[in-house]
Amino acid sequence: MRITDIKTYTVFCYRTNWIFVKIITDEGISGVGEATLEYKEQAVVGAIEELKRYLIGKDPTQIELHYHNIYRDAYWRGGPVLMSALSAVEAGLWDINGKALGVPVHRLLGGKYHDKVKVYANGWFAGAKRPEQFAEAAKRAVKRGFKGLKWDPFGQAYMTITNEELDNALACMAAVRSAVGPGIDLFVEGHGRFNVPTAVQIAREIEAFKPVWFEEPVPPDNLDAMIQVKRKSNVAIAGGERLYTRYAFREVFEKKALDYVQPDVSHAGGLLECRKIAAMAESSYIPFAPHNPSGPVANATTLQLAACTPNFFYLEIMETDVPWRREMTDERLVFEDGYMKIPDAPGLGIELREEEIGKYPYVPRDLRHYSGTLTDIRPPESEPYF
């Protein structure tokens, strides 16, 4: 079997643009991957074209060899653009191998440890501005069956936070906790907003609401700063969505910088790289809860990873999506009582509908995280997709 072509598709999805990859072989078996990188989509498309030159004519079963050669020969290693392109291609190769053997990818990575995984919702707060609106949205999400809710309540604060901004954030958290009760897990997102003393102050203030974690309280560039926050916080610290490869995570584990690790299968190096990171975390008794807010192929890939990962803790997923998400793939998700079932179809268990993809071409979007428009994450017509 040989790779004959690689196609890339960019699809507007309101918050950003999905990037899908399809790898085609001379035996009629194809594989899909997702490289969605918020707000750097065109750069990733260019990187995939560079990888295409290497991959055409290669044997798609030699996944470790190709991963190693691509990473090695990049020379300027790592970074979100290269690693997102490589992650998508790697997932596509696993998809081809699973289909060729007639088994789900998790069978190739050790088999099922989990039949289903607990899910927490992101994006449930779309359009909310005031604490009472967050509370109503939280109740709706819990009624749908979610066991956990994540959101960033900090408006447009960056590095420091005023007393008024902090009071608003705490009022929002209080409203949500009161609305959903003590049995629902809350996850507080920081988006790398704060400097060390501000992050420590916030960690102490939010402790009363018993969140599972405070995610990325400081930017991810300096692990020693993260450690300073972790040492002074009684709330667990999570992070890792902006770290790439096992080499970056080695320092996380050696320095004991995080309580929960969150690599993204579409950015950190793909399925096997994330499985290796999870094994490193397991040896340190650290739960694995990957970042997963993107599109249908990324979610399918993450579910395969979840299946074979003993220390898998929680699956992030967007509560709703653009109405045309259903048109893009044959995605079939089973969500019951807060858990998502692991599918057993061959490969990743998902196929692109290429004839539909061109209906939603690329539209430039800008980062919302520090502009005060963070809840503008879904259009008014968004809907559940599972």
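In which sense do S4 and strand S5 (residues 148-151) pair, and over how many bridges? S4 and S5 pair in the parallel sense, over 2 bridges, where two strands are said to pair if DSSP finds at least two bridges between them, and where helices (H or I, at least four residues) and strands (E, at least two) are DSSP runs numbered from the N terminus.

Before I go on, a word on the basis: this is a predicted model, in which local features need pLDDT of at least 70 and side-chain atom pairs count only at pLDDT 80 or more, while totals for chains, interfaces and linings use all residues. Residues are numbered from 1 along each chain as its sequence is written, and side-chain values use heavy atoms, with hydrogens and water left out.

Let me stay with S4. This strand covers residues 116-122 and is mostly covered, with 5 of its 7 residues buried; buried here means under 20% relative accessible area, exposed means over 50%, and partly exposed is in between, with a 1.4 Å probe and protein chains only. Within the pairing of S4 with S5, Ala121 has Leu149 as its bridge partner. S4 also pairs in the parallel sense with strand S10 (residues 315-318), over 4 bridges, and there the bridge partner of Val119 is Leu315. With S12, by contrast, the pairing of S4 is antiparallel and runs over 3 bridges, Val117 being matched with Met340. As general background, strands of a sheet pair through backbone hydrogen bonds, either parallel or antiparallel.

S4, helix H5 (residues 131-144) and S5 make a right-handed β-α-β unit, and right-handed means that, with the strands pointing away from the viewer, the path from the first strand over the helix to the second runs clockwise.

Next, the N-terminal sheet. An open sheet of 3 strands has the order S1-S2-S3, with antiparallel pairing. Its edge strands are S1 (3-12) and S3 (30-34), each of which pairs on one side only, and the twist averages 20° from one strand to the next. Angles, I should say, run from 0 to 180 degrees between N-to-C directions, and axes are lines fitted to C-alpha atoms, for helices over the stretch in contact. S1 and S2 are joined by 9 bridges, with Ile6 facing Ile23 of S2 as its bridge partner, whereas S2 (residues 17-25) and S3 are joined by 5 bridges, with Phe20 matched to Glu34 in S3.

Two helices pack on this sheet. Helix H1 (residues 41-55) touches S1 and S2, and its direction makes about 175° with that of S1; helix H3 (residues 80-101) touches S1, S2 and S3, and its direction makes about 145° with that of S3. S2 is itself mostly covered, as 8 of its 9 residues are buried.

Now to the backbone torsions. The hairpin of S1 and S2 has 4 residues between the strands, and in it Tyr14 takes a positive phi near 75°, in a residue other than glycine. Is Tyr14 buried or exposed? At 18% relative accessibility, Tyr14 counts as buried. The hairpin of S2 and S3 also has 4 residues between the strands, and there Gly28 takes a positive phi near 80°. Asp337, which is not a glycine, has a positive phi of about 50°; Asp337 sits in the loop between strand S11 (335-336) and strand S12 (339-341), and is exposed, with a relative accessible area of 59%.

Another site for attention is Thr375, found in the segment after helix H13 (354-357) and buried, with a relative accessible area of 12%. A polar atom of the Thr375 side chain lies 3.1 Å from the backbone oxygen of Ala128. Leaving aside neighbours within four places in sequence, Thr375 is in contact, that is, has heavy atoms within 4.5 Å, with Phe125, Ala126, Gly127, Ala128, Lys129 and Phe134.

Finally, helix H7 (residues 196-206) has as its buried residues Val196, Thr198, Ala199, Val200, Ile202, Ala203 and Ile206. What covers these buried residues includes helix H6 (163-180), strand S6 (185-189), strand S7 (213-215) and helix H8 (223-232).

Technical notes: Polar contact = N/O pair within 3.5 Å; in protein donor to acceptor, adjacent residues only side chain to side chain.
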